[in-house]
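These exercises are worked with the sequence and the model side by side. Try each task before reading its solution.

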Amino acid sequence: MARRPNFLLFITDQHRADHLGCYGNTEVRTPHIDALAAQGCRFDDFHVATPICQPNRASLMTGRLPSVHGLQMNGRELSLGERTFVETLREAGYQTALVGKSHLQNITTLPTAWPGKGPRRPHEALRPYPGRHGQEVWQRWEEDPAHELELPYYGFEQVALTIGHADEQHGHWRRWLRQQTPDADRLIGPANAIPTPDLHLARIGHAWRTRVPEALYPTAYIAEQTCHTLDRMASAEQPFFIQCSFPDPHHPFTPPGRYWDLFRPDDVSLPASFHAELTDPPPPVQWLREQRRHNPAFRPGYGSFACSEQEAREAIALNHGSLANIDDHIGLVMARLRALGLDEHTVVMFTSDHGDLLGERGLMFKGGLHYPALTRVPFIWRDGAQAPATAATAALTQTIDIAATVLERAGLQPTNGMQGASLLPVVTGQASGVRQQLLIEEESQRSDFGMDRRVRMRTLRNHDHRLTVYDGQPWGELYDLRQDPLELRNLWADAASLPLRQSLMEQLARAMLTAADTSPYPGAAA
């Protein structure tokens, strides 16, 4: 009987594809991730199911779009009734572990933006599936030293959890940090940071120079715990699946030690679209730019905003520092994998949950826009036992495809209702792609950009065009990706493009029909 492969999945948070050396960026320093790409298959047109944290992580786990698995926006939780591919692996005899960020359940109990203080209907159509919810709420980890996850957690039988971002994370990391040093809580957060009076991002609370040493920072903890997990699992007869999940380079930016000034703002390049002239830009972009013109201090605490050149350069430099830190620690994990003799028996993957504008069109961060900076993320598949037939592919692929790909490589069937497709035919050279177009969804609690309702969007993307529609709005977005790869000229209102828009709208409708849930199977004929 052939040996079943192990799996090691690295995932970063808020990390766009073009911020890696293997994706063409000459300014970052990511040699260990680049080495995975050089030895495996790099997916160059890989997109999220939604550019929002919780929903896309749930899509990764289930192989299903947010409209189907139900976690459509931050603030909801993945139903404990949803089957994850990790559960399927575990039931088939795999050891399973998660180290780092999960974010499949809520991490705060803050009031919701929608429906806010308005009237709520007395009953929900869906009752919660039995089981514990709110297990990742950080306050519970602080208030109760005995608080723990109920295992297995969405299929993970071992979990070393980090909750939140920057150097203010909670969960197992915060408990571990307090064991390492009695000064733990005096090292954390902007109030305890090393002064950086000239840093623009520090003035608005989006970056600070942490006093947490490199060796105690969450990135180091996650790598160390992953290595310990490899040590434990290496001696067992069963194969393993380990998810190593880094909360960086998500803002606020707090790369520790030497990574803080590894890159200088003056030395990094702004995106090509930062000062580009836009033709008929969508109202959200116009609104954000207008806010900055009238109020340069406008900075929403949660979403995108129009930034200055200096703010963009600082963010890019600190983002690169965080990535260099992650890359060095991926190198340590890979070294342990090799030292344990597991390398040739392990499939190693690398991806992210969504991207970051980081200066695209003069904007920062994320929310309510489907530019590639937000939807296009890296995906690398490196199989220690099988050299890929394809070193790089332009196949249209998506986060929902990861689950089906892992299951096929493990010799297991996908579940009914799983919408992703296995990418192994692309890796092995048996196919050039798995689809001609993909659907990207987004639902928000907030009515951003001065809109009269909360943001709800759907995007159809193929090799030639992107079409995006906003719920209840007469305007939208349409781009010719061949002629306008930077998406600077919106053709939505262009009379000559009306037949194209109508055709793509029909394709979007058909894509949404195809995306309807097929689970469960019927139990009887009727």
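**Exercise 1. Place E82 in the chain and describe its surroundings.**

Solution. Start with the secondary structure: E82 sits in the loop between α3 (66-69) and α4 (85-91). Helices here are DSSP runs of H or I of at least four residues, strands are runs of E of at least two, and both are numbered from the N terminus. The model is a predicted one, in which local features need pLDDT of at least 70, side-chain atom pairs count only at pLDDT 80 or more, and totals for chains, interfaces and linings use all residues. Residues are numbered from 1 along each chain as its sequence is written, and side-chain values use heavy atoms, with hydrogens and water left out.

Next, the accessibility: E82 has a relative accessible area of 13%, so it is buried. The classes are buried under 20% relative accessible area, exposed over 50%, and partly exposed in between, with a 1.4 Å probe and protein chains only.

Then list the contacts (heavy atoms within 4.5 Å). With neighbours within four places in sequence left aside, E82 touches T62, R64, V68, H69 and E87. Finally, look along the chain: M418 is 336 residues away from E82 in sequence, yet their C-alpha atoms are separated by 11 Å.

**Exercise 2. One contact of E82 is T62. Determine how many residues of the helix α2 are buried.**

Solution. Helix α2 covers residues 53-62, and 10 of its 10 residues are buried. T62 is among them, as are C53, Q54, P55, N56 and R57. The buried set also includes A58, S59, L60 and M61. Just after α2 comes G63, with a positive phi of about 75°.

**Exercise 3. Decide whether C22 and C227 are bonded or free of disulfides.**

Solution. Begin with the chemistry: a disulfide is a covalent bond between the sulfur atoms of two cysteines. The rule applied to the model asks for a pair of cysteine sulfur atoms within 2.5 Å, and by this rule the count is zero.

For C22, the closest cysteine sulfur belongs to C41 and is 12 Å away, which is too far for a bond. C227 is in no disulfide either; the nearest cysteine sulfur, in C244, is 8.4 Å away. Check the accessibility as well: C22 is buried at 14% relative accessibility, and C227 is buried at 6%.

**Exercise 4. Find the backbone exceptions at P152, P252, Y154 and R361.**

Solution. The background is that most residues other than glycine have a negative phi, and most peptide bonds are trans.

Take the peptide bonds. The bond from L151 to P152 is cis, with omega near 0°, and P152 lies in the loop between α5 (138-143) and β4 (158-163). The bond joining H251 and P252 is also cis, with omega about -5°; P252 is in the loop between β6 (240-249) and α9 (283-294).

Now take phi. Y154, in the loop between α5 and β4, has a positive phi near 55° although it is not glycine. Y154 is buried, at 4% relative accessibility. R361 also has a positive phi, near 60°. Its place is the loop between β8 (346-352) and β9 (363-364), and R361 is buried with a relative accessible area of 2%.

**Exercise 5. Locate G472, and state how far it is from C22.**

Solution. G472 lies in the loop between β14 (465-470) and β15 (476-480). Its relative accessible area is 44%, which makes G472 partly exposed. G472 and C22 are 450 residues apart in sequence, and 40 Å apart in space, C-alpha to C-alpha.

**Exercise 6. Summarise the whole protein: its elements, compactness and charge.**

Solution. First count the elements: 14 helices and 15 strands. The radius of gyration is 22 Å, close to the 24 Å of the globule rule for 526 residues, so the protein is as compact as a globular protein of that length. The radius is taken over C-alpha atoms, and the rule is 2.2 Å times the number of residues to the power 0.38.

Next, the cover: 58% of the 526 residues count as buried. Among contacts between residues at least 6 apart in sequence, 71% join residues at least 24 apart.

Last, the charge: there are 51 positive and 61 negative side chains, and the centres of the two sets lie 3 Å apart. Lys and Arg count as positive, Asp and Glu as negative, while His and the chain ends are not counted. Each charge is placed at NZ of Lys, CZ of Arg, CG of Asp or CD of Glu.
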